[in-house]
Structures are given as C-alpha cells and as structure tokens.
Amino acid sequence: MSEKTDSKKTSWLDKLAARLHIKSNIFTKYFLTFGVIFLALLIVLGVSLVLLVNNYTAAERTALLRQNVESISNTIEGTLITQDMNYKYSMEKELLCETLATVSVSIDADVFVCDADGNIILCKERAGTMPIYGYFTPCIVHDDIVIDSNILSAVYQEGEIVSTVSVGGKTSFVVGEPIYSDGRIIGTIFAISETGFYNLSLAVFRIFLISAFFCLILAFICLYYLTKKMVTPLQQMSKAAKQFAVGDFSYRVKVEGDDELADLGRAFNDMADALDVLESSRRSFVSNVSHELKTPMTSIAGFIDGILDGTVSKDKQEYYLNIVSMEIKRLSRLVVSMLNMSKIESGDFEMKPRNYDIADQIIHILLTFEQKIEEKQIDIRGLDAFEPTYIVADPDMIYQAIYNLIDNAVKFTNEGGYIQFTLSNNDSTIELKIKNSGTGIKKEELSRVFERFYKVDKSRSLDAKGAGLGLYLVKLMIEMHAGRVAAESESEDTAEFSFALPKQYTPVVKPER
C-alpha cells in the first residue's frame with residue numbers, strides 16, 4: 001500500500017530523470033525544469049514563426065494568383081466569344097495557351113480556362129501542340145480534372161472565388177474569374193496552386209532550426225552554471241544539516257552575494273553558531289551537573305556508610321550528619337533550580353503577584369546568609385538607607401532572584417571585603433543594585449553571565465558550586481515581570497549586578513531568552 005502511495009507522489013521530473021538514468025536531486029530537477037521550459041518556448045516560438053511566414057506567403061501567393069487571373073481574364077474577354085468556348089483549334093487559342101504556359105511557369109501555378117460547364121478547354125499543356133482534324137489534342141493532365149459545381153456556382157454568383165478547396169484529390173488554393181462576352185458569362189479562368197509549406201517557409205524553418213540548435217547549446221550551458229550556482233548553497237546546507245544531525249557543528253555555508261539565498265546562508269550559519277554554543281553549553285551543563293551530583297552523593301554515601309559500620313565515632317556522628325544535611329539541601333537547590341527553569345521556559349510556571357515590601361524581603365534573605373557572611377567577615381553596606389518599598393510581584397520568584405544574586409555575591413566576595421546594596425524607588429520602577437568586592441568580570445564575559453549553563457572563567461569559578469543556572473534564572477524571573485537585568489564590572493576588584501522591576505505587575509507571555 002505504501003509503495004503505491006509513494007509511486008503516485010513521484011513527480012514527472014523524477015520519472016524523466018529515471019528515464020534519462022540521472023540521479024534525481026534538486027540540481028537535476030531545477031536543470032530539467034528550466035531546460036524543458038526553454039525547449040517548450042523555443043518550440044512554440046518556432047511553430048508560431050513558421051506558421052506566420054507560411055500564412056503571409058499564402059496570402060501573397062493568393063494575391064499574385066488573383067492579379068494574374070484578372071489580367072488573363074481581361075485578355076480573353078477581348079479575344080473569345082461564345083462560339084469559341086470549345087476544343088476547336090485556332091491561332092488565337094494557340095496564343096492564349098502559350099500565354100497560360102508563360103504565366104503558369106512564372107507564378108508556379110496551373111492556369112487554365114473552362115467553358116460554362118466546367119470543362120477545361122485551354123491550358124499550358126496545349127501550347128505548341130499540333131491540332132488533329134481541327135481540334136486540340138487531348139490533355140493527359142487536365143482531362144481527369146473535374147471542376148466542382150460548387151466552385152462554378154461561387155464564381156457565377158459572386159463574380160469570383162478565392163478559396164482553398166480539393167481539386168483533383170489535392171488541397172489547393174483556387175482563384176477563379178468569370179469570362180464575359182456581351183454581358184454573359186461564357187467561361188471561367190482558374191489558377192490553382194497546391195497548399196503546404198512554401199520555399200520561404202521551409203527556408204525560415206531551416207534557419208530557425210540551426211539557430212535554435214546553437215541557442216539550446218548555449219542555453220543549457222548557461223542553465224547548468226546558473227542552476228549550479230543557485231543550488232550549491234542549498235546543497236551545502238543539506239550537507240551541514242547532515243553533519244549537525246551527528247553532532248558536528250563546525251561546518252559553515254559559504255555565503256556569496258546579497259540575495260535571498262545569501263541571507264538564508266547567513267541565517268543558517270547563525271543557527272549553526274547558536275547550535276554550537278548550545279551544544280557547548282549542554283556539554284558543560286552535563287559535566288557540571290554530573291560533578292555537582294556526584295560530589296555530594298559521594299560524601300553522603302561515605303558519611304552514612306561510616307556511621308552505619310561504626311567507622312565514625314558516636315561523638316562525631318552529629319557533625320557528619322550536619323554535613324550530610326547541607327549536601328542534601330545543596331542537591332535540593334540544584335533540582336529546584338532545574339525544575340523552575342523548565343517550568344518558566346515552557347510557560348507552566350504559575351505567577352502569584354501581590355503587593356509586598358521588597359526592602360523587608362531583602363533583609364530576610366540576608367539573614368539566611370548570616371553564617372557565611374560572618375565566616376568571611378564581609379561588610380554589608382547600604383541597609384541603613386533602606387525604606388519600606390512596595391511592589392506588586394510574585395514574592396516567591398523575586399525571592400529566588402534576589403537569593404541567587406546575594407548567593408553569587410557572597411561566593412565571590414573576598415575575605416574582609418564588602419557587599420553594597422542600593423535600593424532605588426523611582427516613579428514607576430524599583431531598582432536593586434548589589435555590588436561586591438573580590439574578583440571582577442572581564443568585559444567580554446559581561447554579556448554572557450546571564451546565559452544558560454554559562455560559568456565565568458576559572459578565576460571566578462574556583463569556589464563556585466553550581467551548574468551555571470543561578471544568574472540565568474534571575475534573568476528569566478525578572479523578565480517574567482517585564483523587568484531587566486544588568487551586570488557591570490568597573491575594575492578587576494569589583495562586580496555589580498542589578499535589576500529593575502515595574503511597580504505594577506506586567507505579565508509577559510514568554511521571557512526573552
């Protein structure tokens with residue numbers, strides 16, 4: 001069943017390529033399509049040209065026949081009378097037959113004279129013949145020709161005939177003029193010429209065939225290179241896509257020009273760059289997450305096994321259980337971060353905005369870092385300038401964002417250093433800046449610190465315990481509230497992270513990535 005369906009979907013180009021034993025690909029299809037169209041146009045043009053020339057030649061020939069028939073008719077009217085319209089020989093008739101022979105040869109037609117009944121009495125074959133008993137000898141050419149009564153009727157009723165009819169079993173142009181004597185029709189003069197292609201039409205046709213042959217060769221050469229140039233970027237993209245499918249993102253499409261294909265090529269290369277970065281981030285993420293999961297799980301397993309088998313003494317068990325608890329919380333935070341990221345990116349995270357004091361929230365978050373701050377003897381600055389600052393937002397999401405920023409600041413602040421908090425209450429926005437001393441961030445990395453899975457260089461990552469999701473989550477959560485985030489590093493010894501939120505909640509369908 002599927003084979004039948006596939007065969008029905010086969011295009012005529014595929015069938016043509018199969019008949020020509022050519023591989024059916026996009027180059028072949030374009031080349032054959034353009035070739036068939038060009039060939040069809042040449043055929044139509046050639047047929048139209050030949051028909052036009054043939055019709056023009058036929059019209060000219062008919063006019064020539066008509067002109068000569070009228071001239072001979074006028075000559076005969078002054079020479080013959082009713083009694084002469086027979087086969088009897090006379091010098092006048094002999095001269096008329098010679099005239100008919102001369103005109104017939106000059107215009108390449110058969111010119112003859114008929115009596116009133118349609119019998120041919122004078123023709124070019126009777127010129128120069130010897131009479132027998134006072135009559136013309138029989139004509140082997142015209143004795144078998146019978147002029148149809150309809151043709152005679154047309155001549156008698158309309159005064160002439162110019163038409164294409166069958167005479168003697170052949171389709172011919174027929175031009176006829178009546179012969180008058182004393183106002184009566186005594187006979188008819190006819191000029192007959194076979195229809196078909198004339199010498200001019202055949203000559204034009206031969207010239208056209210020769211010209212068309214060379215035009216086709218030139219056209220197919222041009223079509224080959226134009227089609228090749230047009231489909232080459234597509235073939236490169238196909239090759240690149242196949243390499244991307246197996247995980248190789250190093251291939252790039254060669255871009256030339258500034259047309260739509262060039263734009264597509266550049267877009268394809270941009271996509272390849274993005275995929276390359278994403279793949280590098282993914283690998284880094286897998287490596288980081290594997291390390292972050294393995295390290296605490298190894299510690300947890302070792303401490304628990306030591307407690308169970310008695311290696312750890314009872315007086316040390318509480319100490320190691322506290323370490324196990326901290327490692328479990330660390331694992332929990334990593335899992336929660338990944339779940340939140342997944343929910344926010346898929347749009348499944350449910351926002352619950354309400355009006356609350358963000359200054360009070362910052363102070364409560366700082367209290368959770370009290371032990372770490374005291375251990376590193378960090379000086380907290382700017383809290384004395386805090387005033388109640390209300391905002392309509394999702395408290396849990398903003399809590400997580402501020403928590404991640406403070407956690408980041410505490411990690412990278414040097415011992416005995418400081419963390420500066422600045423909370424600004426503007427007309428329509430709330431802005432929070434968190435500046436810490438310690439190792440700064442290089443300029444080329446400032447634009448990437450909020451990327452997913454990205455971790456700053458090793459100089460800032462020696463003490464970092466995470467998978468590069470914290471700042472990325474900050475960006476997602478703030479942008480979910482139609483806010484903005486920023487990072488600055490004025491010197492090698494300081495770094496500052498900030499965000500601005502509208503005072504009134506403004507939902508965003510999808511965060512900018």
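These legends describe close-up views of a predicted model.

**Figure 1. The protein as a whole, with its helices and strands.** The model is predicted. Its secondary structure comes to 14 helices and 12 strands. The protein has 513 residues, and 41% of them count as buried. Take the contacts between residues at least 6 apart in sequence. Of these, 66% join residues at least 24 apart.

**Figure 2. Helix α11 packs with helix α14.** Helix α11 covers residues 395-412, and helix α14 covers residues 470-480. Their axes are 9 Å apart, at an angle of about 145 degrees. The crossing of the two helices is left-handed. On the α11 side, the contact is made by M397, I398, Q400, A401, N404, L405 and N408. On the α14 side, it is made by G470, L471, L473, V474, M477, I478 and M480. The residues of this contact divide into 10 nonpolar and 4 polar, with no charged residue.

**Figure 3. A close-up of G470 in helix α14.** G470 is one of the residues of α14 that make the contact with α11. G470 counts as partly exposed because its relative accessibility is 31%, and partly exposed lies between the 20% and 50% limits. D407 is 63 residues away from G470 along the chain. Even so, the C-alpha atoms of G470 and D407 are separated by 9.0 Å.

**Figure 4. The rings of F112 and F190 form a tilted pair.** A search of the whole structure finds 7 aromatic pairs. In the pair of F112 and F190, the ring centres are 6.0 Å apart. The planes meet at 40 degrees, so the pair is tilted. F112 lies in strand β1 (residues 110-115), and F190 lies in strand β5 (residues 184-194). The pair therefore ties together parts that are 78 residues apart in sequence. Both F112 and F190 are buried.

**Figure 5. The rings of Y399 and Y403 form a stacked pair.** Here the ring centres are 6.4 Å apart. The planes are at 20 degrees, so the pair is stacked. Y399 and Y403 are separated by about one helical turn, because they are 4 residues apart in helix α11. Y399 counts as partly exposed, at 33% relative accessibility. Y403 is buried, with a relative accessible area of 19%. That value falls under the 20% limit, so Y403 is on the buried side. F369 joins Y399 and Y403 in one aromatic cluster.

**Figure 6. R381 lies over the face of Y418.** The distance from R381 to the ring centre of Y418 is 3.9 Å. Y418 is also one of the residues in contact with N436, which appears in the next view.

**Figure 7. N436 and its contacts in strand β10 and beyond.** N436 is found in strand β10, which covers residues 429-437. At 1% relative accessibility, N436 counts as buried. Leave aside its neighbours within four places in sequence. N436 is then in contact with A409, F412, T413, Y418, I419, D493, T494 and A495.

**Figure 8. A212 in helix α6.** Helix α6 covers residues 199-245. A212 has 10% relative accessibility, so A212 counts as buried. G46 is 166 residues away from A212 along the chain. The C-alpha atoms of A212 and G46 are separated by 8.5 Å.

Key:
Residues numbered from 1 in each chain as written. Predicted model: local features only at pLDDT ≥ 70, side-chain atom pairs only at ≥ 80, totals over all residues. Heavy atoms only, no water. Axes fitted to C-alpha atoms, helices over the stretch in contact; angles between N-to-C directions. Left-handed = near helix turned anticlockwise from the far one by under 90°. Contact = heavy atoms within 4.5 Å. Nonpolar A, V, L, I, M, F, W, Y, C, P; charged D, E, K, R; others polar. Buried < 20%, exposed > 50% of the residue type's maximum accessible area, 1.4 Å probe, protein only. Phe/Tyr/Trp six-rings, centres within 6.5 Å; stacked < 30°, edge-to-face > 60°. Lys NZ or Arg CZ within 6 Å of the ring centre and 35° of its normal.
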